[in-house]
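Me: I should like a close look at one part of this protein, followed by an account of the features around it. Please treat the matter formally and in connected prose.

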Amino acid sequence: HYLVGWEHIYDVNWKFRLDMYYKNLSDLLVDFEDTTLIPVNAGRGDAEGIELYLEKQKTEDSRLSGWISYSLSRAWTETDWSAYYMIYDQRHTLNVIADYKFSSKFSLGATWRFGSGMPYTPVVGVDEITVVDSISGEEVPVDWKPVYGEINSQRYPPYHRLDIRANFSFNWLSLPWTAYIEVINAYNSKNVFSYEWNRRYTERETVYELPLLPSFGFKIRFF
């Protein structure tokens, strides 16, 4: 695993970092010839990428803090019979996090995440499983199995989500308390988790990740 990084602190408020990495992979667990469920350590590949990171550090004189990061990466697998992107190969990732302290008792934070689509193996057709009817002598379908395209040759739509959180600090029973209200996926982005098919593989249903989800809670410090 090779990693090269460079970090520079401009002043007490700003910090920049650049990281580049490369990792060679061997003896990866794969299905033999991609058509069986027999696991073999016949895979090899690599993972590489670059990450940029800029942070606005928290200080006593500044109410705003947070950071921005962007990464460009690639993860690849090869065998003697195929080559494809790994299931977690996400080419572009962007995170923006900000927190603003309005007073010693109230702060508001937001996190926005973006990621390009992850790969998946598409269904390109369907085969019927038939039996011969004992009365008519004709073949009749009893089940269906999918015909898959090339491994991880298609990608899900991009992922993006905004989370917002408000913190309220106060003292009660001689203890410091923090109450928070949080809204996950504030604009209710329809992020795709996976696709599911009906039994005959004629209709596809989309399975989504978390919808807009409000929550609240408390935190207490005893020391």
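How many residues line the largest pocket, and which of them lie nearest its centre?

Reply: The model is a predicted one. Its largest pocket is lined by 19 residues, and those nearest the centre are Tyr84, Ile87, Thr121, Ile151 and Asn152. The volume of this pocket is about 410 Å³. Three elements give two or more residues each to the lining, namely strand 2 (14–31), strand 5 (83–85) and strand 8 (119–120). Of the elements, strand 2 gives the most, with three residues. Sorted by class, the lining of the largest pocket holds 14 nonpolar residues, four polar residues and one charged residue.

Nonpolar residues also form a patch on the surface. Its area is about 800 Å², and its members are Phe168, Phe170, Trp172, Leu173, Ile181, Phe216 and Phe218. At least two residues of the patch come from strand 12 (159–172), and at least two from strand 16 (213–220). Strand 12 has the largest share, with three residues. Phe170 is located in strand 12. This residue counts as partly exposed because its relative accessible area is 32%, which falls between the limits of 20% and 50%. The value also satisfies the requirement for patch members, which is over 30% relative accessible area and no salt bridge.

Strand 12 leads on to the charged pairs, for Asp163 of strand 12 is joined to Arg113 of strand 7 (residues 106–115) across 50 residues of sequence. The two form a salt bridge in which the closest N and O atoms are 3.1 Å apart. Asp163 is buried, since its relative accessible area is 8% and the limit for that class is under 20%. Arg113, by contrast, is partly exposed, with a relative accessible area of 29%.

In total, the model contains 11 salt bridges. In general, side chains of opposite charge can pair when their charged atoms come close. Another of these bridges joins Arg74 and Glu48, with 3.1 Å between the closest N and O atoms. Here too distant parts of the chain are linked: Arg74 belongs to strand 4 (residues 64–78) and Glu48 to strand 3 (residues 39–56), the two being 26 residues apart. Both partners are partly exposed, Arg74 at 24% relative accessibility and Glu48 with a relative accessible area of 31%.

A further bridge is formed by Asp143 and Arg199, whose closest N and O atoms lie 3.6 Å apart. Asp143 is in strand 10 (residues 139–148), whereas Arg199 is in the loop between strand 14 (192–197) and strand 15 (204–208), so this pair ties together parts of the chain that are 56 residues apart in sequence. Asp143 is partly exposed, at 31% relative accessible area. Arg199 is classed as exposed because its relative accessible area of 55% is over the limit of 50%. Beyond individual pairs, Asp46, Glu48 and Arg74 are joined into one network by salt bridges that share partners.

Returning to the part first asked about, the pocket has Tyr84, Ile87, Thr121, Ile151 and Asn152 nearest its centre, and strand 2 gives the most to its lining. Strand 12, for its part, supplies the largest share of the nonpolar patch and also carries Asp163, the partner of Arg113.

Terms used:
Residues numbered from 1 in each chain as written. Predicted model: local features only at pLDDT ≥ 70, side-chain atom pairs only at ≥ 80, totals over all residues. Heavy atoms only, no water. 1 Å grid on protein atoms, 1.4 Å probe; cavity = no way out; pocket = protein on both sides within 12 Å on 5 of 7 lines; lining within 4 Å. Points joined across faces, edges and corners; volume = space filled by probe spheres on them. Helix = DSSP H or I, 4+ residues; strand = E, 2+ residues; numbered from the N terminus. Nonpolar A, V, L, I, M, F, W, Y, C, P; charged D, E, K, R; others polar. Patch = residues over 30% accessible without salt bridge, like charges linked within 9 Å, V, L, I, M, F, W, Y side chains within 5 Å. Areas by Shrake-Rupley, 256 points an atom, 1.4 Å probe, with all protein chains shown as cover. Salt bridge = Lys/Arg side-chain N within 4 Å of Asp/Glu carboxyl O. Buried < 20%, exposed > 50% of the residue type's maximum accessible area, 1.4 Å probe, protein only.
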